[in-house]
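Here's a friendly walk through one protein model, meant for someone seeing it for the very first time. Have a look at the picture, then read on.

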Amino acid sequence: MVLHNVTFWRGFVFLGFSSFGELQLLLFTLFLCLYLVTLTSNVFIIVVIRLDSHLHTPMYLFLSFLSFSETCYTLGIIPRMLSGLVVGGQSISYVGCAAQMFFSASWACSNCFLLAIMGFDRYVAICTPLHYASRMHPTLCAQLIGASFLSGYLFGLGMTLVIFHLSFCSSHEIQHFFCDTPPVLSLACGDTGLSELGILLLSLLVLLASFFFLTVSYAYILAAILRIPSAEGRKKAFSTCASHLTVVIIHYGCASFMYLRPKASYSLERDQLIAVTYTVATPLLNPIVYSLRNRAVQTAVRNAFQGSLLGKG
């Protein structure tokens, strides 16, 4: 307990990309540009969906909350990372580290369940189109969104408690740019076997549960699409799922690689670079994929720009 209190008052220091030397300025410029594009794109998606009445459907409601969740997720990580690239080793309090882990894990979990909900929405739209409006009613949509965020908060709380009930008696330097579970766990003293098992079980619960619902939804969707007689009809039906399926593959691929692998395969230096993928690049994919592959969003974006230009004129 004494050692635990020492860490509580001392906190931690992010080493971040300090080993990159002179490349830090280049990384700062690159990550800042990516972050600004990510932030702008997700906020723009939310605004466009809010303003365009044609997008006031459950599918785009879920998309707007996914963009909101991605925005909150990056806000808790990227600004501090950018600051660390400029000023070097940056400190964070014990409570601040726990809070960052809680919120980042919560939003990441919420994203998983939001993607699962979006898969269910596509199942109802394709497999029972005549009952879509009655089944995906506003009350159900609100309940599903609320459940996804509540599940995220519970998972984030569980993950944080599993890590921060430990004592940290070794180095207080985190070989990372935010309080992710593997680098923080590596600083704990004593036997961390139970904590590692707890993290694995929590990760399995979230990823496998949400992925199970996605798999079942897409199994029914695929069966329904194959029953469509015309090739054009099958192509049109599948196109409504293509954007969502692309985001799902990338999101679950990164999450599974980080949290469902044995400890022996951890490499803090390599994992730090991989973490850039799901903290900087992946949140940018959501608006890009839906903007490039979804005609309704493309039309709404064009209308928004035309309305802006006409307003200025």
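## Spans from the record

The unreviewed UniProt entry annotates "transmembrane region" at residues 25–48, 60–78, 98–120, 140–164, 199–225, 237–260 and 272–292. Those positions follow the numbering used here, the feature name is shortened, and such annotations may be inferred rather than shown by experiment.

Let's check two of these spans against the model, which is a predicted one. Residues 25–48 are 100% helix and 0% strand, with 34 Å between the end C-alpha atoms. Residues 60–78 come out as 89% helix and 0% strand, and here the end C-alpha atoms are 26 Å apart. Helices (H or I, at least four residues) and strands (E, at least two) are DSSP runs, numbered from the N terminus.

## Ground rules and confidence

Residues are numbered from 1 along each chain as its sequence is written. Since the model is predicted, local features need pLDDT of at least 70 and side-chain atom pairs count only at pLDDT 80 or more, while totals for chains, interfaces and linings use all residues; side-chain values use heavy atoms, with hydrogens and water left out.

How sure is the predictor? pLDDT is its confidence in each residue, from 0 to 100. The protein chain has a mean pLDDT of 81, and 83% of its residues reach 70 or more. Among its elements, helix α7 (residues 138–164) has the highest mean, 93, and helix α1 (residues 2–10) the lowest, 47. Over residues 1–9 pLDDT stays under 50, and the model has eleven contacts beyond four places in sequence for that stretch. Contact means heavy atoms within 4.5 Å.

## The chain as a whole

Count the elements and you get twelve helices and three strands in the protein chain. Of its 313 residues, 46% count as buried; that means under 20% relative accessible area, with exposed being over 50% and partly exposed in between (1.4 Å probe, protein chains only).

Among the chain's contacts with a separation of 6 or more, 79% are between residues 24 or more positions apart. The accessible surface comes to about 15,600 Å², and 71% of that belongs to carbon and sulfur atoms. Accessible areas come from the Shrake-Rupley method with a 1.4 Å probe, and for residues only the protein chains shown count as cover.

## A three-stranded sheet

The three strands form an open sheet in the order β2-β1-β3, with mixed pairing. Its edge strands, each pairing on one side only, are β2 (90–92) and β3 (173–174). Strand β1 (residues 12–14) runs antiparallel to β2, and three bridges join the two. Two strands pair if DSSP finds at least two bridges between them. Phe12 stands opposite Ile92 in β2.

Two helices pack on this sheet. Helix α4 (residues 78–87) touches β1 and β2, and its direction makes about 140° with that of β2. Helix α5 (residues 94–127) touches β1, β2 and β3, at about 85° to the direction of β2. These axes are lines fitted to C-alpha atoms, for helices over the stretch in contact, and the angles run from 0 to 180 degrees between N-to-C directions.

## A closer look at some residues

Start with Gln100 in helix α5. Gln100 has a relative accessible area of 9%, so it is buried. Beyond its neighbours within four places in sequence, Gln100 is in contact with Phe14, Gly76, Ile77, Arg80, Ile92, Phe178 and Cys179. Its C-alpha atom is separated by 7.6 Å from that of Ile77, 23 residues away along the chain.

Next comes a pair from two helices: Val47 in α2 (residues 23–51) and Ser64 in α3 (residues 58–75). Their C-alpha atoms are 8.5 Å apart, with their positions 17 residues apart in sequence. Is Ser64 buried or exposed? Ser64 counts as buried because its relative accessibility is 11%, whereas Val47, at 39%, is partly exposed. Leaving aside neighbours within four places in sequence, Ser64 is in contact with Ile46 and Ile49.

Last up is Ala224 in helix α9 (residues 193–226). At 11% relative accessibility, Ala224 counts as buried. Leaving out neighbours within four places in sequence, Ala224 is in contact with Ile126 and Cys127. Ala224 and Thr128 are 96 residues apart in sequence, yet 9.4 Å apart in space, C-alpha to C-alpha.

Terms used. pLDDT = per-residue confidence, 0-100.
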